[in-house]
Each structure stands twice: as C-alpha cells, then as structure tokens.
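The paragraphs below lead the reader through one protein chain, step by step. Please keep the sequence and the structure in view while reading.

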Amino acid sequence: MPELPEVETVVRDLRPLLVGRTIVGVRQSKQKLRGPWKPAWNAEVTGARVEGLRRRGKWILIDLAGAPRSVLRVHLGMTGQFTVASAAAPEPDHLHVVFALGDGNELRFRDPRRFGSAEFFRDRAALETEMNAELGPEPFGIDAEYFRTAVQGTARNLKALLLDQTIVAGVGNIYADEACFRAKLHPGRAGKSLTPAECDGLRGAVEAVLTRAIEGRGSTIRDYVGGSGLRGGFQTEFAVYGRTDDPCPACRTPIASARYAGRASHFCPSCQPDSPQGHKVRTKKHKESGSPVPRPDVTRRKTAG
DNA sequence: CTGTAATCCTGCGAGC
DNA sequence: TGCTCGCAGGATTACA
C-alpha cells in the first residue's frame, strides 16, 4: 500500500525519466478511477513540458511548464503503479491513464483496485494553497511543540492520530504500526495520555521509520512497484506489521493484533504496554476509569451461530 | 468530540 | 473443485 516512502521512491525514480520530457499525447481507459482523469484535460497537457516532480504527503505532483504554470496530481490509492516504460512494451491490464512522452517512452498509471486518482490542475499555486490547508506538515523536522499540542490535545488514539493526514502527512497503516513499535507506545493509547517525552519519542520514531523505509525503497506487500517497476525492500524489516503471533523482535512476546481507527493494528503487548512504562496510571476516585486504553475489538473470529 | 461504518474496487486466501 | 465471503485499506462522508 503506497504510503510516503513508496510515493517518495516513485518520485525519485521517475524524476530523471520525466523532467525535460514533453507530453505528446494522452489516452485512457473507460474505467473510472476514484479521482477520474477527464478527457477535456488531454488537450491541456498535450505539448506541455515536465518541469519537475514533487511529493506532498502521499500525493505525486508533476509540474508542467507554461503560463499559467499547471500541475498533474496523482494518488496511488492502494494498488496504484506509476511507471515509465517503452511505448513498445506490452501493456498490462488495469492500465487507466497513459501519457506518451516525446522520447519513445510513456508514463503509465495502472491501478487494479482503482482507489487512485489522476487529475490536472491549471493553477498550480491555487492547488498548493488548497493542499496545504488540508494536509499537515511533512513528517521530517516537525516542530516539537506543534506535535505535542496536536497529540496531547485530543482523546483520539495514537493510531487514529498518525493516520490523520491533517496532523502529519504521509503516514499510513504500515508505518503507523511500525512507528508505534519503535516508540514503544501502544497504538490504542489516547493522545492526551502521552507525556511530552513520549510525544517527542513518537515524532522521532515516525521520522526514523519513514527514513529507513525510503532507504529500503518502500515496502511491497503485493502490488507496489517504484517508478522503474522495481519492488520495494523494506517489507523484510517489519517489526510488527502483518506479523501477528510472530515473536517480537525485541522480546519474543507474540505480536498481538487488534482494530484501531478501523484498521488492523499490530503491536507487542509487552514492549508497548497500555500505560506509560514505569508510571502507575493514576485514577481519580470520582472519575473511575478501568483501563487507560479501551479494550479493542479483538479480531473477529467466526463462531457457529 | 470521537468513533464507527459504508463507499469506492479487485484479488486472494480461508472455509465449507 | 468451486463457490462464497471476509479482508486488505486511503480518503471521504454519513451517522451514532
């Protein structure tokens, strides 16, 4: 599932293959993406030269030269693949939008599950303003005070907070779990239950996990490939994600799974306790609260009847 | 405010 | 073996 490291890898792979090239034609499938490419955009981008490639959160931005300066925006959804291939190379299935380049190659957007989007925006500055209003900061070098305030100011659990793109942009289900493990924090902990030091630890863990994952060219569970078609390598370094019942890499306790924020979540019940390590949870008499973490729905197991 | 669930969609594995 | 069904989940939206 493409999250920040996968998107960053695609952008880095595609940059040398796209910058300076001219889009000479567009074709598309009849199937609708979540964010569908409109045929009216074909004429807008044909003849445009690619100025640069960027990433913002999980979004890919392709800057096009011209006045006014426009931009292509792509989201890979869950199964999106954005690659450059020879126009002569056989076409895979689920190909939705293809941009022909002047050099005999083409930029292909493939997305079996069609959760992705490919859109054109004529006004680059307006789009940036809009995106900055909807997305939180990039997770590198986040202001400590900002992050503490965002986390401690809510009763929402850490999993929900990390998945919330308006707080931090780019984290998805895999790296949220991995960051919580690295920070030794239970994903079900309420944001406001964290100490300032724990907030700082979580912020650092998010940054560290994403940095390592980028170095590993992202994670491939099933569909993900980089801009040149290569699979990722970070999936072999998962500590908890998808490792239910496997021994914790730190203490050998079996990894647990539960559902938080509607997402499968994985954690070590020993390394990531419900309450701050070394602190007894203080409960006031008049405000009795049993466990500091609400009991999650344990993974549903089908029972007869 | 917070959480949950449905929605979009295809592929795959579990279970019968 | 072949079918159904749950699940995977990013973002959005509706509802409890």
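In this predicted model, a useful place to begin is Thr 9, which is in contact with Ile 214, Arg 217, Gly 218 and Tyr 224, leaving aside its neighbours within four places in sequence. Thr 9 belongs to helix 1. Is this residue buried or exposed? With a relative accessible area of 4%, Thr 9 is buried, because buried means a value under 20%.

One of the contacts of Thr 9, Ile 214, leads to helix 7, where Ile 214 is among the buried residues. Helix 7 consists of 20 residues, and from its first C-alpha to its last it reaches 29 Å, close to the 28 Å expected at 1.5 Å a residue. Its buried residues include Cys 199, Leu 202, Val 206, Val 209 and Leu 210. Seen down the axis of helix 7, the buried residues fall within an arc of 160°, and therefore they line one face of the helix. On the other side, Ala 197 and Glu 215 are exposed. The cover over the buried residues of helix 7 includes helix 1, helix 4 (144-152), helix 5 (158-163) and helix 6 (173-183). Just after helix 7, Arg 217 takes a positive phi of about 65°.

The next topic is the nonpolar interior. The largest nonpolar core has 30 residues, and Trp 37, Ile 62 and Phe 82 are those with the most contacts inside it. Helix 1 (residues 4-18) gives the largest share of this core, five residues. Not counting residues up to four places away in sequence, Ile 62 touches several residues, including Leu 18, Val 50, Leu 53, Val 71, Phe 82 and Leu 107. A second, separate core has 29 residues, among them Ala 176, Val 209, Ile 214 and Phe 238.

Two loop residues deserve attention for their backbone angles. Most residues other than glycine have a negative phi. His 94, although not a glycine, has a positive phi of about 60°. This residue, His 94, lies in the loop between strand 5 (81-86) and strand 6 (95-101), and it is partly exposed, with a relative accessible area of 33%. Asp 245 is likewise not a glycine and has a positive phi of about 75°. Asp 245 lies in the loop between helix 7 (196-215) and strand 9 (256-260), and at 59% relative accessibility it counts as exposed.

Finally, the unreviewed UniProt entry carries the annotation "domain: FPG-type" for residues 239-273. Over residues 239-273 the chain is 0% helix and 29% strand, and the end C-alpha atoms are 16 Å apart.

Conventions. Residues numbered from 1 in each chain as written. Chains lettered and ligands numbered in written order. Predicted model: local features only at pLDDT ≥ 70, side-chain atom pairs only at ≥ 80, totals over all residues. Heavy atoms only, no water. Core = buried A, V, L, I, M, F, W, Y, C linked by side-chain atoms within 4.5 Å. Buried < 20%, exposed > 50% of the residue type's maximum accessible area, 1.4 Å probe, protein only. Helix = DSSP H or I, 4+ residues; strand = E, 2+ residues; numbered from the N terminus. Contact = heavy atoms within 4.5 Å. UniProt positions renumbered as here; feature names shortened; annotations may be inferred. Expected span 1.5 Å × (residues − 1). Arc of directions from axis to C-beta.
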